[in-house]
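Got your viewer open? Let's walk through this model together, one selection at a time.

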Amino acid sequence: MPKFEEYKCPVCGQQFHNDDDVVTCPDCGTPHHRHCYEMTGHCVNKGLHSAGYDYYEDNKPAIPKKEDGANTEGQYYIPPAEKDNNQQNDQPRVFVMPMAPIHEDNTYDKDSDTIDGYKVSDYAAAIRANVPRFITKFKQMAETKKKLSWNWGAFFFGSFYMLFRKMYKQGITFLLLSFTSYLGGITLALKKAPVFAQAVQDMAASIQSGSVENLDTTALLNASDYAVAQKYAFITMAVLLVIRIVVTVFSDYFYKGTVTSIIKRVNDEIEKGASFMQTSVFPVDDGSLTQEQMRRMYLARMGGVSFFAPFAAYFALYLLMTII
């Protein structure tokens, strides 16, 4: 009978103690705190049972640290020869999905093709929305090594589309670049055309005072340096258009890199011994779920789309424009 104090609960990661209420899986022997087991509803290693998994064969216990020949209670360590220097903890990471499971798309399960060495089915799981288009695009890019592709969503929505597809770094970068170009262009136009700038200020003052009925826009058109202001406005629009086109033609390439990095990150964790555990806020019968199915669901959560990010960015820009 193993000493549970030599192990950690795979759910909460806490070391077991003598007075803990511990239950073990009848199939693989994995120990859990009773309340942790009741929370998950099943053994955390359930997906490995079909392969004959044995918890005690894959998990060596921590050894009580000794000082002056006596054990120091509560302190444990892993001998240097047995410790994996690539992991921060002595137990594999457990991915927790605290929501009802996503119904995975099995369309690509029988597709043996790969993209950059990763399964097409993994890309499908991480993309989630408009999968056929992106799978086709990604395959073409992998085969031809070309980076340019036209994306209408990116053309119409620009950086907000990137944020929608969770390309956060690229989305924020191009959003700031566009905003800086716009602000710089307007500032330069007003600086090079002072008469036009004064007419704009007078019009703004009239609007703020409520005198909209007496608003005269002819002062803007009749300003002596109106042509100068118009020239810089066109230059600013041209710069913004170039930025939008860059976003459009590189969006699919950036998205392919984002999805690939998600798959690689999850696969790297699994190679280090990570497993999956599902908790649900709703009663869900997940008895048939395997570790592979749960991995696909986790990819779907990591990937997919975000409606919050583009709206948050738009709201932030609105506040920034109001302050300026």
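Below is a short tour of ring pairs, charged pairs and a surface patch.

Before you click, note that this is a predicted model, where local features need pLDDT of at least 70, side-chain atom pairs count only at pLDDT 80 or more, and totals for chains, interfaces and linings use all residues. Residues are numbered from 1 along each chain as its sequence is written, and side-chain values use heavy atoms, with hydrogens and water left out.

**Stop 1: the rings**

A search of the whole structure turns up 16 aromatic pairs. Here, rings of Phe, Tyr and Trp (its six-membered ring) pair if their centres lie within 6.5 Å; planes under 30 degrees apart count as stacked, over 60 as edge-to-face and the rest as tilted.

Select Y123 and F138 to see one edge-to-face pair, 5.9 Å centre to centre with 65° between the planes. This pair links distant parts of the chain: Y123 is in helix α3 (residues 120-127) and F138 is in helix α4 (residues 131-144), 15 residues apart. Helices (H or I, at least four residues) and strands (E, at least two) are DSSP runs, numbered from the N terminus.

Are these two rings buried or exposed? Y123 is buried, with a relative accessible area of 0%, and F138 is buried with a value of 0% too. On this scale, buried means under 20% relative accessible area, exposed over 50%, and partly exposed in between (1.4 Å probe, protein chains only).

Now add F134 and Y255: ring pairs link Y123, F134, F138 and Y255 into a cluster. While you're there, show R133, whose charged end sits over the ring of F134, 5.0 Å from its centre. That label applies if NZ of Lys or CZ of Arg is within 6 Å of the ring centre and within 35 degrees of the ring normal.

**Stop 2: the charges**

Side chains of opposite charge can pair when their charged atoms come close. How many salt bridges does a search of the whole structure find? There are seven, each being a side-chain nitrogen of Lys or Arg within 4 Å of a carboxyl oxygen of Asp or Glu.

Pick R34 and D21, where the closest N and O atoms are 2.6 Å apart. R34 lies in helix α1 (residues 34-40) and D21 in the segment before β1 (22-24), so the bridge ties together parts that are 13 residues apart in sequence.

Next, jump to D113 and K139, which meet in a salt bridge (3.4 Å, N to O). D113 is in the loop between β5 (94-97) and β6 (114-115), while K139 is in helix α4, 26 residues away.

Then try K264 and D268, another salt bridge (2.9 Å, N to O). These two are four residues apart in helix α10, so about one helical turn separates them. Finish here with D122, R295 and R296, linked in a network of salt bridges.

**Stop 3: the surface patch**

Switch on the surface and select W150, W152, F156, F157, L241 and I245, which form a nonpolar patch with about 670 Å² of accessible area together. Patches are made of residues with over 30% relative accessible area and no salt bridge: like charges are joined within 9 Å, nonpolar side chains (Val, Leu, Ile, Met, Phe, Trp, Tyr) within 5 Å. Accessible areas come from the Shrake-Rupley method with a 1.4 Å probe; for residues, only the protein chains shown count as cover.

Which helix gives the most to the patch? That is α5, with three residues. Both α5 (152-157) and α10 (226-271) supply at least two. I245 sits in helix α10 and is partly exposed at 35%, whereas F156 counts as exposed at 54% relative accessibility.
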